[in-house]
Amino acid sequence: MKIATNENNLHLSISQDDLHIVNTLDCGQCFRWRKQEDNKMTGVVFDRVLTLKQTDDEVIFYNTTIKEFNDIWKAYFDLDTDYQSIKKRLMCDQPLKASIEYAKGLRILKQDSFEALCSFIISQNNNIPRIKSTIEKLCERYGNQLSETVYAFPTASVLSQLEKKDLQGLSLGYRDEYLLDCAKKVQSGQIKLEQVGSLPIDEARAELRTIKGVGPKVAECALLFGFYKVEAFPIDTWIKKVLSYYYTDGFPKEFSEIAGIAQQYLFHYIRTSPQAPKIG
């Protein structure tokens with residue numbers, strides 16, 4: 001992995017098999033990235049606006065320094081993890097082999113814990129376009145302004161001061177009280193997010209489920225995508241179909257410590273690949 005700079009842009013030499021930005025950023029694990037008409041992707045991450053563009057052999061990070069790349073983006077894209085070895089191991093399983101061949105370069109992001117937790121609270125019984133729209137409206141109303149049209153994700157401090165009436169018009173529905181309960185418990189210290197990440201996974205699950213409206217699926221999504229607990233295995237309607245179709249005896253235990261990575265390949269494949277079986 002080589003890095004070069006050109007004017008204000010950083011060029012990361014990496015194959016699409018090792019990092020594919022569309023597969024990674026548009027697979028349902030994050031909600032603040034947008035495809036641009038010129039094949040770029042722009043997102044809001046850690047109170048920063050980042051624009052990326054991928055070619056066959058590199059990813060361009062616009063207006064990014066080497067220091068910022070090393071301090072933020074290298075970890076965010078999990079570039080220190082050897083995904084080639086992980087994929088080689090998973091591909092001994094035929095459904096996973098098909099999924100990985102379809103979505104090579106998909107990686108699990110290391111996202112902000114609070115934003116990921118709130119985002120997956122918003123995601124329950126929801127679809128991706130509506131989730132994205134609700135989050136954007138929430139950011140525009142209560143997030144710090146980063147540019148003329150871009151806003152950061154609101155802090156727990158700000159959200160904890162709100163009431164349900166303050167969230168009207170955001171398409172949250174019944175999720176409004178769940179979001180407020182989450183913010184109040186985080187802000188008060190009842191939920192210490194920095195500690196959740198270091199807990200054994202069963203204890204971390206139990207801790208997150210003390211938040212109103214956080215059930216098994218939301219907790220697993222938050223743990224996988226917001227705390228990088230790659231043993232977490234979210235089960236939504238798509239994965240239920242995958243399990244009933246491919247894994248009637250249960251998901252293979254030999255992959256249990258990286259089950260979340262496997263799950264995301266399967267989820268993206270069954271939901272978007274034209275070659276995927278039409279299940280149920």
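The largest nonpolar core in this structure brings together 71 residues, and those with the most contacts inside it are Leu90, Phe114, Leu138, Leu167, Leu208 and Phe251. Helix H13, residues 259-272, supplies the largest share of this core, with eight residues. A second, separate core has 21 residues, including Leu10, Cys30, Val59 and Trp73. Keep in mind as you explore that this is a predicted model. The points below start with the cores and then move on to a covered helix, a helix pair, the salt bridges and a few single residues.

**Inside the core**

- A good general idea to start with is that nonpolar side chains tend to be buried together in soluble globular proteins.
- Phe114 is one of the residues with the most contacts inside the largest core, so try finding Phe114 in the 3D view.
- Not counting residues up to four places away in sequence, phenylalanine 114 touches Phe153, Pro154, Thr155, Ala156, Leu159, Cys182, Ala183, Val186 and Leu193.

**A covered helix: H5**

- Phe114 also appears among the buried residues of helix H5, a helix that spans residues 113-123.
- H5 is mostly covered, with 11 of its 11 residues buried.
- The buried residues of H5 include nonpolar ones such as Leu117, Phe120, Ile121 and Ile122, but Ser113, Glu115, Ser119 and Ser123 are buried too.
- What does the covering of these buried residues include? Helices H6 (128-142), H7 (156-159), H8, H9 (193-196), H10 and H11 are included in that cover.

**Two helices that cross: H12 and H13**

- Two packed helices are described by the angle between their axes and the distance between the axes.
- For H12 and H13, that angle is about 95 degrees, and the axes are 9 Å apart.
- Angles of 65 to 115 degrees count as roughly perpendicular, and H12 and H13 are therefore roughly perpendicular to each other.
- On the H12 side, the residues that meet H13 are Trp238, Ile239, Val242 and Tyr246. Their partners in H13 are Gln263, Leu266, Phe267, Tyr269, Ile270 and Arg271.
- The residues of this contact divide into eight nonpolar, one polar and one charged.

**Salt bridges**

- How many salt bridges does the structure hold? There are 17 salt bridges in the structure.
- One of them joins arginine 89 to glutamate 257, with the closest N and O atoms 2.7 Å apart. Arginine 89 sits in helix H3 (residues 83-90) and glutamate 257 in the loop between helix H12 (237-246) and H13, so this pair ties together parts that are 168 residues apart in sequence.
- Both partners are partly exposed: arginine 89 has a relative accessible area of 34%, and glutamate 257 has one of 40%.
- Lysine 212 and glutamate 177 also meet in a salt bridge, at 2.6 Å from N to O. Lysine 212 lies in the loop between helix H10 (201-208) and helix H11 (216-226), and glutamate 177 lies in helix H8 (residues 175-188), so the pair ties together parts that are 35 residues apart in sequence.
- Lysine 212 is partly exposed at 43% relative accessibility, and glutamate 177 is partly exposed at 27%.
- Another salt bridge stays within one helix: glutamate 101 and lysine 97 meet at 2.6 Å, N to O, and both lie in helix H4 (residues 94-102), four residues apart, about one turn of the helix.
- Here is the general background: an α-helix has 3.6 residues a turn, so residues three or four places apart point the same way.
- Glutamate 101 is partly exposed, at 41% relative accessible area, and lysine 97 counts as partly exposed at 27%.
- Asp26, Lys35 and Lys132 are linked in a network of salt bridges.

**Single residues to look up**

- Is arginine 107 buried or exposed? Arginine 107 is buried, because its relative accessible area is 2% and buried means under 20%.
- Arginine 107 lies in the loop between H4 and H5. Leaving aside residues up to four places away in sequence, arginine 107 touches Asp18, Leu19, Thr24, Gln29, Phe77, Asp78, Leu79, Thr81 and Tyr83.
- Serine 256 lies in the loop between H12 and H13 and counts as partly exposed at 42% relative accessibility. Serine 256 and leucine 96 are 160 residues apart in sequence and 14 Å apart in space, C-alpha to C-alpha.
- Glutamate 101 and aspartate 57 are 44 residues apart along the chain, and their C-alpha atoms are separated by 18 Å.

Technical notes. Residues numbered from 1 in each chain as written. Predicted model: local features only at pLDDT ≥ 70, side-chain atom pairs only at ≥ 80, totals over all residues. Heavy atoms only, no water. Core = buried A, V, L, I, M, F, W, Y, C linked by side-chain atoms within 4.5 Å. Buried < 20%, exposed > 50% of the residue type's maximum accessible area, 1.4 Å probe, protein only. Contact = heavy atoms within 4.5 Å. Salt bridge = Lys/Arg side-chain N within 4 Å of Asp/Glu carboxyl O. Axes fitted to C-alpha atoms, helices over the stretch in contact; angles between N-to-C directions. Parallel < 35°, antiparallel > 145°, perpendicular 65-115°, else oblique.
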